[in-house]
Amino acid sequence: MERARRNEASKNAEIARIETLIRSLQSDVEAKQAEAERLGQEHVLAVEAYEDAVDRAEALQAQADAESARAEAAAQKLGILITEQYRSGKRDPALELFFSGEPGSADDLLSRLGTMDRLVEANREVYADAAGARDNAQSLSAQAEVARAERDRRKNDAEKKMQAAQTAAQAALVALETQSEHRDVLEAQLAALRDTTAITVADYQTGVEVRRRERAERIRRERAAAAARAREEERRRQEEREQAANAGGGGTGGNSAGGGAASGGGQVQPSGWVRPAHGGVTSYFGSRGTICSNGYCTASGHRGLDFAASCGAPIYAAASGTVTFAGWSGSWGNYIKILHSDGSTTAYAHILNGGYNVSYGQRVRAGQLIAYAGTTGASTGCHLHFEVYRDGVRVDPAAHLRNRGVRV
């Protein structure tokens, strides 16, 4: 760099080279972030497609079971009619044949009835209903089997898409860190080359170090401020609980359906589970209209629990486990998933940009600070969107937490 400064042509060439390097770093970050966003949205859509496939398979099987029950009931009804004729003395070779052995199933009974023209004629409506229900049950069972195969395929696809999204998110993070690490050096070199004063290598190195320290200090201050807000929020809630207890209220409200004590965000309950955030619930699991924001739209329905949280508010691990995803995921924005020992998975969406406090593969404890609330993805304001998965399907988080003694 110092040699280049002494020669105008060399200096200009070095400036052009450094500018190209800076643009290359930026382009690499942008390309990897775009790929992470694309694969993250594919992950979201794959999860939704799997859940739809699960719903379809279960609905078809329920219909098949209902038709089987109807076939069984109709066959038994027809059998009762025949039995009455037999007991009344109206015997003929067909009836003797019918009662020559015990039918093993409703299908066997219907098969026998189908050979008895006289009796079928007399009870045609009942027989037709039974036979139709049997045929429907068989058809629906076949459709349910196909739907289950599609369900399993969709589940594998969702798992692969999650892994691809995680890999892309990690690559984007590495590119961003690489850019942050080298850009300070490159920009300091540019400044030195463009400076007409007698800047020295020591001055240049000092400038690089100053920038690094400033960035580290900014991150430290942001995290300290978030932690202070969390402590203040917990102190305020503790005062409210004590005031309510002193007034004879017994706390800040019962734990409906849960049977446990009231809990603030981050407080570990005897079950080992935690309320993942402070603030009240603003939207429960269930139906809700589509929301579009930041270039993303959510599907109809709301398969999570929204906690009111200011930008930068702390998010806690709902239970101990292992981080299986930490990165961008489409309409969920910055997103974390944690696998727990009971087989369930919890997820935390719309995290603040740069608000991760844990990384992929990390082991976390219940109540550990894992991130800070934001409004990334399809979100219209800072909050925590919290999800619980069972066998890859999102279930009601409120019921899940209440069953573990956590007040929501």
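Biologist: Over how many bridges do β6 and strand β9 (residues 363-364) pair in the antiparallel sense?

Modeller: This is a predicted model, in which local features need pLDDT of at least 70 and side-chain atom pairs count only at pLDDT 80 or more, while totals for chains, interfaces and linings use all residues. Residues are numbered from 1 along each chain as its sequence is written, and side-chain values use heavy atoms, leaving out hydrogens and water. Strands (E, at least two residues) and helices (H or I, at least four) are DSSP runs numbered from the N terminus, and two strands pair if DSSP finds at least two bridges between them. In this antiparallel pairing, G321 stands opposite V364 in β9, and the number of bridges between β6 and β9 is two.

Biologist: Which residue takes a positive phi in the hairpin of β6 and β7?

Modeller: Strand β6 (residues 321-328) and strand β7 (residues 334-339) pair in the antiparallel sense over six bridges, with F325 standing opposite K337 in β7. Five residues lie between the two strands of this hairpin, and the one with a positive phi near 55 degrees is G330.

Biologist: How many residues of β6 are buried?

Modeller: A residue counts as buried under 20% relative accessible area, as exposed over 50%, and as partly exposed in between, using a 1.4 Å probe and protein chains only. Strand β6 is mostly covered, and of its eight residues the number buried is six.

Biologist: How many residues does the largest nonpolar core hold?

Modeller: A nonpolar core is a set of buried Ala, Val, Leu, Ile, Met, Phe, Trp, Tyr and Cys residues joined through side-chain atoms within 4.5 Å. In the largest one, I315, I336, I338, Y348, I370 and F386 touch the most other members. Strands β6 and β7 are among the elements that each supply at least two residues of this core, whose total number of residues is 29.

Biologist: Is C382 buried or exposed?

Modeller: C311 and C382 form a disulfide (a pair of cysteine sulfur atoms within 2.5 Å), with their sulfur atoms 1.8 Å apart. C311 lies in the loop between β4 and β5 (314-316) and C382 in the loop between β10 and β11, so the pair ties together parts that are 71 residues apart in sequence. While C311 is partly exposed, with a relative accessible area of 48%, C382 has a relative accessible area of 18% and is therefore buried.

Biologist: What is the hand of the disulfide of C311 and C382?

Modeller: The structure holds one disulfide. Because the torsion about the S-S bond of C311 and C382 is about 90 degrees, this disulfide is right-handed.
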